[in-house]
Amino acid sequence: MPQNFIKTQVSNVISAIQEDDNNAKAVFSAKTELQTGLKCSAQIRNFSFQIDEPVQLGGTDEGPNPVELVLAALGTCQEIVYSAYAAVLGIHLNSVKVNVKGNLNLKGFFGLDENIHPGFEDISYTTFIDSPASSEQLNQLVKVVEKHCPVLDILTREIPVKGNVKLTNSLFSVN
């Protein structure tokens, strides 16, 4: 996609927000459902895909698992934010690639050690940028991306998460 298109779209959104604060609110959603075994389906906008666990964790390896999706979300969000801000700042990018790795101790997931969290112990990433831009321009871009990447923010800031469970049972009805 040409940089001019990205710059125009991003600039349009920024202008709309500056004109009316109500335009700053965005809601994203996903619907998921357990299919069979550990395999799940996900529906996001018009996209459907499978989530599964690797065979060694009891799955059928028919898709990435949820923690891998978190890593992919971080990497792709970084790439998207680099592309968007580079377009706005007039910085040409030949390519942006991100390698992301998360370390997870399965003792936490399986409840074998109450002192170990079930999620990642740490996440690291390396971003590879190929660009003819000056080091000053690229350093400015890196600072902007690190400050404004939504998924990086989600992973590094404490965010309230609330949920509820609705139980149904075909053997009896609850009033």
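This is a short tour of the model, stop by stop, with a selection to make at each one.

**Before you start**

The model is predicted, so local features are reported at pLDDT of at least 70 and side-chain atom pairs at pLDDT 80 or more, while totals for chains, interfaces and linings use all residues. Residues are numbered from 1 along each chain as its sequence is written, and side-chain values use heavy atoms, with hydrogens and water left out.

**Stop 1: the whole chain**

Show the chain as a cartoon. Five helices and five strands make up its secondary structure. Helices (H or I, at least four residues) and strands (E, at least two) are DSSP runs, numbered from the N terminus. Along the sequence the pattern reads α-β-β-β-α-β-α-β-α-α. The radius of gyration is 20 Å, well over the 16 Å that the globule rule gives for 175 residues, so the chain is more spread out than a compact globule. That radius is taken over C-alpha atoms, and the globule rule is 2.2 Å times the number of residues to the power 0.38.

Now switch to the C-alpha trace. Along its principal axes the trace spans about 65 × 40 × 30 Å. Colour by accessibility next. Of the 175 residues, 20% are buried. Buried means under 20% relative accessible area, exposed over 50%, and partly exposed in between (1.4 Å probe, protein chains only). For contacts, take heavy atoms within 4.5 Å. Among contacts with a separation of 6 or more, 48% link residues 24 or more positions apart.

**Stop 2: the three-stranded sheet**

Select residues 31-36, strand S1. Then add S2, residues 39-44, and S3, residues 47-51. These three strands form an open, antiparallel sheet in the order S1-S2-S3. S1 and S3 stand at the edges with a single partner strand each, so one side of each has no neighbour in the sheet. Neighbouring strands are turned by 25° against each other on average, direction ignored. The angle is taken between N-to-C directions of lines fitted to C-alpha atoms (for helices over the stretch in contact), on a scale from 0 to 180 degrees.

Strands count as paired if DSSP finds at least two bridges between them. S1 and S2 have five bridges. S2 and S3 also pair over five bridges. How many residues of S1 are buried? The count is zero among its six residues.

Label Cys-40 in S2. Leu-34 stands opposite Cys-40, and so does Ile-51 in S3. Cys-40 is partly exposed, at 23% relative accessible area.

**Stop 3: the turns**

Go to the S1-S2 hairpin. Two residues lie between its strands, and Gly-37 takes a positive phi near 60°.

Step on to Arg-45, in the loop between S2 and S3. Its phi is positive too, near 50°, in a residue other than glycine. Most residues other than glycine have a negative phi. Arg-45 is exposed, with a relative accessible area of 67%.

Asp-61 comes next, in the loop between S3 and H2. Asp-61 is not a glycine, yet its phi is positive, about 55°.

**Stop 4: His-92**

Select His-92, in the loop between H2 and strand S4 (95-104). The C-alpha atoms of His-92 and Arg-45 are 30 Å apart, with the two positions 47 residues apart along the chain. Is His-92 buried, exposed or partly exposed? At 41% relative accessibility, it counts as partly exposed. Leaving out residues up to four places away in sequence, His-92 touches Gln-3, Ser-131 and Pro-132.

**Stop 5: the largest nonpolar core**

A nonpolar core is a set of buried Ala, Val, Leu, Ile, Met, Phe, Trp, Tyr and Cys residues joined through side-chain atoms within 4.5 Å. Show Tyr-82, Ile-91, Leu-93 and Leu-141 as sticks. Of the 15 residues in the largest core, these touch the most other members. H2 (66-89), H4 (135-148) and H5 (150-156) each supply at least two core residues. The largest share, five residues, comes from H2.

Centre on Leu-141. Beyond its neighbours within four places in sequence, Leu-141 contacts Tyr-82, Tyr-85, Ala-86, Leu-89, Ile-91 and Leu-93.

**Stop 6: the cysteines**

Finish at Cys-149, which is buried at 1% relative accessible area. Which cysteine sulfur is closest to that of Cys-149? The one in Cys-77, 3.4 Å away and too far for a bond. A disulfide needs a pair of cysteine sulfur atoms within 2.5 Å. By this rule, the model has zero disulfides.
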